[in-house]
Amino acid sequence: MNDLNPKAAVERFQAQVAAVRAEIGKAIVGQDEIVDGVLICLLAGGHALLEGVPGLGKTALVRALAAALDLKFSRIQFTPDLMPADILGTTLIREDESGKKSFEFQRGPIFAHVLLADEINRTTPKTQSALLEAMQEHSVTLSKITYPLEEPFLVLATQNPLEMEGTYPLPEAQLDRFLFKLRVEFPSRAQLHSILDRTTGPSSPELHCVLRREELLAMRKLVREVAVAKHVQDYAVRLLEATHKDREGAPELVRRYVRFGGSPRGAQACLVAAKTRALFAGRFHVAPEDIRQVVKPALRHRIILSFEGEAEAITTDQILDQILANVAPSPA
Amino acid sequence: MRLQRALDGFALAGVAAAACAGLWLLRVRLGAHDDRLTRALLWSALALPVLGALALAARRIEALTAATKLDRAHGLHALVASAWEFTALPAEQRSAFMQATVADAQRLASSLSARRAQPLHAPAHLPALILLLLGLAALSRLHVPQPSTPTKLQRPQLQALLASDDLQGSRAELAALTTQRQLTPLARETSERLTQLLGALSERQVDRAQALAQLQTLHDALARDRHDDAAIRDALHALQDGFSAQRITQRLAQALADNDRAAVQAQLQQLAARARADKPDARTLQALRDALHAASQRLATHTPRPARPEGTEQASLLHTSQDRTAATPAERSLLEQKKRELDQLLRQEREQRAMQRELEQLQRDLEQASQAMQEQPKTAAEQLDRSAQDIEQLQQHAAGAQTSKALQERLAQLQELIRRQRPGQGSQQQRAAQQREQARAQSQGQAQSQSANGQALTLQHFREQAGANSDKQTGHKPGSRGLLMEAPGQEAGNISLPGAAQSASEHSNQPGDTDSTQLRMQATHGPGAGDGRPHSAAPSSLSGQSVDSRVEGQAGHGPTRSEVIFQAAQRGFASKAYEQVHTDYEHYAQSELERDQIPGGYRFYVRRYFQLIRPRQTPQADTTGQP
């Protein structure tokens with residue numbers, strides 16, 4: 001590992017990320033924060049939950065990402081009657097030329113590098129939970145046989161925050177398995193013009209592969225190499241502790257409106273995402289600013305509000321804003 | 001960083017030093033130049049800032065803190081702080097990225113500026129220090145007078161509680177009360193204290209609470225002294241009954257009923273003269289003897305037994321237990337108050353005994369005169385002269401008690417004036433004028449009812465006039481009187497009539513009468529000045545033909561309180577039982593007023609109500625059967 005030239009590796013990393021961004025930018029206008037968030041999840045080895053109203057380009061973003069990375073892409077449209085076997089696959093009876101019959105596992109759409117789980121909250125919890133093992137262990141177990149998923153494995157789930165009828169909110173255990181929860185905002189007026197220009201013309205943009213799978217795996221390893229000083233790591237820990245109402249330093253909003261704070265997975269997510277951001281910035285170490293930048297997408301879905309918080313229409317982003325304002329980056 | 005900390009410490013300790021310097025300066029100004037405390041303050045003021053600066057500057061500075069400051073100042077995203085931490089690790093534990101971080105930090109180290117990381121700024125406590133120093137400068141210029149020349153502390157001038165014309169009016173009325181009438185010792189003392197209080201109010205030396213408390217004290221003292229009046233009037237009434245049994249003493253009885261002291265003296269002197277005659281008529285002597293004996297017997301039954309005033313025992317106990325229980329200032333204050341009350345009660349008891357002795361003396365004189373009337377008429381005449389003196393003294397007592405009552409009412413009015421004197425209220429002049437008008441009407445009403453020179457038109461006179469006058473509604477013939485008539489030159493006043501309105505509605509327009517702009521029902525226009533206009537008001541329901549008589553009975557066998565009040569409403573507020581009811585009820589109302597249970601705006605009306613339904617001074621109207 002000491003043979004690694006950090007400077008060159010980081011420069012190469014930055015160049016590759018810039019190439020992917022540029023390729024995605026051909027299909028997606030604006031949404032830089034979302035694109036960065038998805039890239040962080042991809043490079044940090046996590047999954048992303050995209051939340052936004054229909055028509056904001058969530059599916060297009062995932063498609064563009066898969067095209068730019070030359071990865072196997074599959075899409076599942078989640079519906080209430082979707083069954084786990086529809087996702088994971090099923091065992092079929094196959095008869096060969098000699099007439100001998102045997103069972104053969106027919107792989108489901110989950111066996112891909114990038115899985116788009118569209119409108120994930122429209123299916124039942126039974127089907128939602130079929131993703132649990134795949135997301136955490138990167139494997140699928142059927143009939144006592146475990147099938148590993150090929151790396152990289154990235155789940156990009158979308159959900160619509162407007163329609164609540166006929167939906168099944170994701171259970172906390174599954175939410176916790178998403179590295180980021182990204183909110184897709186409505187584009188600006190200039191971005192809207194650009195979107196119209198690109199999508200209503202005679203030709204549509206053609207995407208090319210700019211990053212091979214092996215390169216992506218190498219980038220994932222590089223992310224883990226980024227150095228983190230103790231005081232920066234302590235900052236991430238103190239931020240996570242502040243989401244618990246019974247911990248010292250919890251702000252007023254947390255004490256009043258939070259039922260459960262973030263899990264240790266939240267701190268892990270913060271730190272690994274901050275490392276990725278540090279590499280984006282060309283640094284060898286993580287700065288407190290990196291932590292601050294990733295706290296909201298990494299923790300907003302891990303904080304469970306109390307009834308009072310729901311009744312008062314408090315959002316987890318408000319709570320995290322107060323936490324960020326109260327917790328100093330360094331003890332001094 | 002150490003310099004900045006030194007500055008912070010200097011400013012922080014400088015605040016404390018400035019406080020010490022202020023105390024030192026104050027002591028020096030007060031003359032304590034050389035004592036130990038003054039010197040300690042001076043040295044503290046000098047040493048504290050230096051010590052504070054040294055203490056903070058010597059504190060350890062964390063390397064990570066300094067590194068963080070450098071990162072912030074130069075926008076290095078925790079590069080220096082992270083590199084500082086990584087260098088603390090053993091070399092074999094450092095990753096390539098850690099080494100790269102340290103190398104980056106070392107490369108940039110030469111360009112980092114410590115001054116940029118920690119720029120000097122004003123200490124946070126500097127404004128407070130400057131303010132204190134300015135205060136010190138002001139204090140140093142302040143001239144403190146030397147203690148050798150004692151100065152009289154100027155009491156802050158309080159808000160005026162009474163308008164100046166109210167004060168003048170009160171003083172004039174108080175002077176009129178005290179100079180024209182007989183005063184009991186308590187009334188004299190009260191008037192003196194009231195005069196002092198009015199002076200203090202004029203000088204604005206007492207506040208509202210003090211003034212009200214003093215007025216209440218005076219009022220309470222007078223209230224406890226009121227029983228004298230009733231006892232004397234009761235005795236004189238019994239005497240009148242005794243004398244009215246014989247024709248020869250009927251004029252004397254009438255003079256007693258009129259409370260006409262001069263007429264009583266004249267009648268008694270006439271009786272004494274008839275007894276001194278050379279050959280007194282035996283039948284006259286016998287009649288005189290019987291009259292004197294009857295009066296003596298009546299008086300004997302109405303002479304009050306000496307009773308210890310209520311509360312004396314309790315006050316005595318408190319007085320004797322003073323040394324044991326007076327532990328706290330509050331208890332001492334309470335005991336002092338009880339002691340004063342005890343003194344008042346004892347004085348009241350003494351006066352009661354003195355009055356009783358006078359009544360017994362009168363009874364003995366009358367009895368001796370009765371016994372000596374047949375054999376030694378001249379001795380009987382001397383006894384009659386002595387009896388005249390006794391009656392004179394009793395009437396003086398009664399007049400003094402009436403003065404006390406008038407004084408008490410004036411005190412209540414003053415209390416009400418002060419209570420109603422609040423900032424933000426309407427025109428003070430208007431209220432003061434209204435109050436003066438009420439006070440004047442009250443004073444005049446009392447003057448009329450209390451006057452002993454025969455100017456007042458008593459209820460007895462009224463009845464006689466009313467009975468003699470056949471045309472009550474149109475009585476405008478020359479020399480005749482209307483239903484309510486006053487003597488020429490007499491001021492308007494109220495006359496005790498059942499259901500009558502207050503005095504303003506009963507004013508007459510006699511020459512010399514005061515202005516009466518309100519309702520003028522039942523009024524005449526002077527002798528021979530009738531204008532023939534019909535009167536619209538109904539006559540009084542009180543029959544002028546009736547003859548009031550006292551009904552003998554035992555205490556407790558009289559009417560119930562509700563019957564007393566009902567009878568008072570029908571027949572007039574003049575019975576003795578009603579007087580007791582009124583006293584009790586007024587006491588209850590007064591207690592509630594003092595506890596501030598009644599809104600301020602209604603206090604006046606409560607007092608005015610009880611003033612209007614107060615008992616009248618006409619013992620003849622006592623028809624309730626209460627002995």
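Hi everyone. Let's start inside chain A, at A:Ala273, which touches A:Ile40, A:Phe180 and A:Val294, leaving out residues up to four places away in sequence. Before I go on, please keep in mind that this is a predicted model. A:Ala273 sits in helix α12 of chain A, the run from 264 to 280. Is A:Ala273 buried or exposed? Its relative accessible area is 0%, so A:Ala273 counts as buried. There is a nice long-range relationship here too: A:Gly46 is 227 residues from A:Ala273 in sequence, yet the two C-alpha atoms are 9.1 Å apart in space.

Staying with chain A, let's look at a strand. β2 of chain A covers residues 73-77, and its two faces have different surroundings: A:Ser74 and A:Ile76 lie on the covered face, while A:Phe73, A:Arg75 and A:Gln77 are on the uncovered one. If you follow the numbers, you'll recognise the pattern, because side chains in a regular strand alternate between the two faces of the sheet. And which strand does β2(A) pair with? That would be β5 of chain A, residues 114-118, in the parallel sense and over five bridges. To pick out one residue, A:Ile76 from the covered face has A:Ala117 in β5(A) as its bridge partner.

Now some backbone details, also in chain A. Just ahead of that strand, the loop between α3 (58-69) and β2 holds A:Asp70. A:Asp70 is not a glycine, but its phi is positive, about 55°. A:His138 is another residue other than glycine with a positive phi, in this case near 60°. You'll find A:His138 in the loop between α6 (130-137) and β6 (139-142). Its relative accessible area is 13%, and because buried means under 20%, A:His138 is classed as buried. Then there is a cis peptide bond, between A:Glu151 and A:Pro152, with omega at about -10°. A:Pro152 belongs to the loop that runs between β7 (145-148) and β8 (154-159) of chain A.

Let's cross over to chain B for a moment. B:Thr190 is part of helix α9, residues 185-203. With a relative accessible area of 2%, B:Thr190 is buried. What is B:Thr190 in contact with, once neighbours within four places in sequence are set aside? The list is B:Leu218, B:Leu222, B:Leu407 and B:Leu411. So for those of you who like to see a threonine among leucines, have a look at that spot.

Last topic: how the two chains meet. On the chain B side 20 residues are in contact, and on the chain A side 24. The buried area comes to about 1600 Å², and carbon and sulfur atoms give 67% of that. Which residues of chain B lose the most area to chain A? They are B:His77, B:Ala96 and B:Phe97, which together make up 40% of what the chain B side buries. Three helices of chain B, namely α3 (63-74), α4 (79-87) and α5 (96-109), each supply at least two residues of the side that touches chain A. Of the elements on that side, α5(B) gives the most, with six residues. Sorted by character, the chain B side has 10 nonpolar residues, six polar and four charged. As for specific pairs across the interface, the count of salt bridges is zero, while three residue pairs are in polar contact, both residues at pLDDT 80 or more.

That's my tour, and thanks for listening!

Definitions and conventions. Residues numbered from 1 in each chain as written. Chains lettered and ligands numbered in written order. Predicted model: local features only at pLDDT ≥ 70, side-chain atom pairs only at ≥ 80, totals over all residues. Heavy atoms only, no water. Helix = DSSP H or I, 4+ residues; strand = E, 2+ residues; numbered from the N terminus. Buried < 20%, exposed > 50% of the residue type's maximum accessible area, 1.4 Å probe, protein only. Contact = heavy atoms within 4.5 Å. Pairing = 2+ DSSP bridges. Buried area = accessible area lost by both parts, 1.4 Å probe. Salt bridge = Lys/Arg side-chain N within 4 Å of Asp/Glu carboxyl O. Polar contact = N/O pair within 3.5 Å; in protein donor to acceptor, adjacent residues only side chain to side chain. Nonpolar A, V, L, I, M, F, W, Y, C, P; charged D, E, K, R; others polar.
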